[in-house]
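Welcome to a short set of exercises with worked solutions. Keep the viewer open and try each task before you read on.

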Amino acid sequence: MTHSYRVTGITCAGCEKKVKKALTEIPAVTEVNIDRTSETVTVTMDTHLPLETLRSALQAYPKYQVLEQKG
């Protein structure tokens, strides 16, 4: 299953790399795609993960905040 989220604070390729690495380390996550311009992160996972799991994966980087995708 694939879900899209808004992640704030991604401003450069280095940011993208940090966020992608942190999220792909979650066991159920199989793929992460980031669109920096729209602040959208698309996560493909084997099983649905609560939003809090994604937030926890990024807790070492408080600059990045995972939010529900609106619309």
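**Exercise 1. A threonine in a strand**

Is T40 buried or exposed? Work out its surroundings as well.

*Solution.* A word before we start: this is a predicted model.

Step 1. Place the residue: T40 belongs to strand β3, which covers residues 40-45.

Step 2. Apply the cut-off, under 20% relative accessible area for a buried residue. T40 has a relative accessible area of 13%, so T40 is buried.

Step 3. List the neighbours, skipping residues up to four places away in sequence. T40 then touches S4, Y5, N33, I34, D35 and Q69.

Step 4. Look at the side chain. The side chains of T40 and S38 are joined by a polar contact of 2.9 Å.

**Exercise 2. The residue just before**

Describe E39, starting from its backbone angle.

*Solution.* Step 1. E39 has a phi near 55 degrees, which is a positive value in a residue other than glycine. For background, most residues other than glycine have a negative phi.

Step 2. E39 sits in the loop between β2 and β3.

Step 3. Its relative accessible area is 23%, so E39 counts as partly exposed.

Step 4. Follow a contact out of the loop: E39 is one of the residues that T8 touches, and the others are K63, Y64, Q65 and L67, with residues up to four places away in sequence not counted. T8 lies in strand β1, and because its relative accessibility is 18%, T8 counts as buried.

**Exercise 3. The chain as a whole**

How many helices and strands does the chain have, and how compact is the chain for its length?

*Solution.* Step 1. Count the elements: there are two helices and four strands.

Step 2. Read them from the N terminus on, and the order is β-α-β-β-α-β.

Step 3. Compare with the globule rule. The radius of gyration of the chain is 11 Å, close to the 11 Å that the rule gives for 71 residues, so the chain is as compact as a globular protein of that length.

Step 4. Add the extents: the C-alpha trace spans about 30 × 30 × 20 Å along its principal axes.

Step 5. Turn to contacts with a separation of 6 or more. Of these, 61% are between residues 24 or more positions apart.

Step 6. Finish with the surface. The chain exposes about 4300 Å², and carbon and sulfur atoms supply 51% of that area. Buried residues make up 34% of the 71 residues.

**Exercise 4. The largest nonpolar core**

Which residues of the largest nonpolar core touch the most other members?

*Solution.* Step 1. This core has 20 residues, and L23 and L54 touch the most other members.

Step 2. Ask where the members come from. At least two residues each are supplied by β1 (2-8), α1 (13-24), β2 (29-35), β3 and α2 (51-57). The largest share, four residues, comes from α1.

Step 3. Take L23 as the example. Leaving aside neighbours within four places in sequence, L23 is in contact with V29, V32, V41, V43, L54, A57 and L58.

**Exercise 5. An aromatic pair**

How many aromatic pairs are there, and what is the geometry of Y61 and Y64?

*Solution.* Step 1. The count comes to one aromatic pair.

Step 2. The ring centres of Y61 and Y64 are 6.0 Å apart and their planes are at 55 degrees, so the pair is tilted.

Step 3. Check the burial of each partner. Y61 is partly exposed because its relative accessibility is 31%, whereas Y64, with a relative accessible area of 5%, is buried.

**Exercise 6. An arginine in a helix**

What does R55 contact, leaving aside its neighbours within four places in sequence?

*Solution.* Step 1. R55 is placed in helix α2, and with a relative accessible area of 34%, R55 is partly exposed.

Step 2. Leaving aside neighbours within four places in sequence, R55 is in contact with V66 and L67.

Step 3. Look at the polar atoms: one in the side chain of R55 lies 2.9 Å from the backbone oxygen of V66.

Step 4. For a sense of distance, R55 and T44 are eleven residues apart in sequence and 16 Å apart in space, C-alpha to C-alpha.

Notes
Residues are numbered from 1 along each chain as its sequence is written. This is a predicted model: local features need pLDDT of at least 70, side-chain atom pairs count only at pLDDT 80 or more; totals for chains, interfaces and linings use all residues. Side-chain values use heavy atoms; hydrogens and water are left out. Buried means under 20% relative accessible area, exposed over 50%, partly exposed in between (1.4 Å probe, protein chains only). A polar contact is a pair of N or O atoms within 3.5 Å; within protein, one must be able to donate a hydrogen and the other to accept it, and residues adjacent in sequence count only if both atoms are side-chain atoms. Contact means heavy atoms within 4.5 Å. A nonpolar core is a set of buried Ala, Val, Leu, Ile, Met, Phe, Trp, Tyr and Cys residues joined through side-chain atoms within 4.5 Å. The radius of gyration is taken over C-alpha atoms; the globule rule is 2.2 Å times the number of residues to the power 0.38. Accessible areas come from the Shrake-Rupley method with a 1.4 Å probe; for residues, only the protein chains shown count as cover. Rings of Phe, Tyr and Trp (its six-membered ring) pair if their centres lie within 6.5 Å; planes under 30 degrees apart count as stacked, over 60 as edge-to-face and the rest as tilted.
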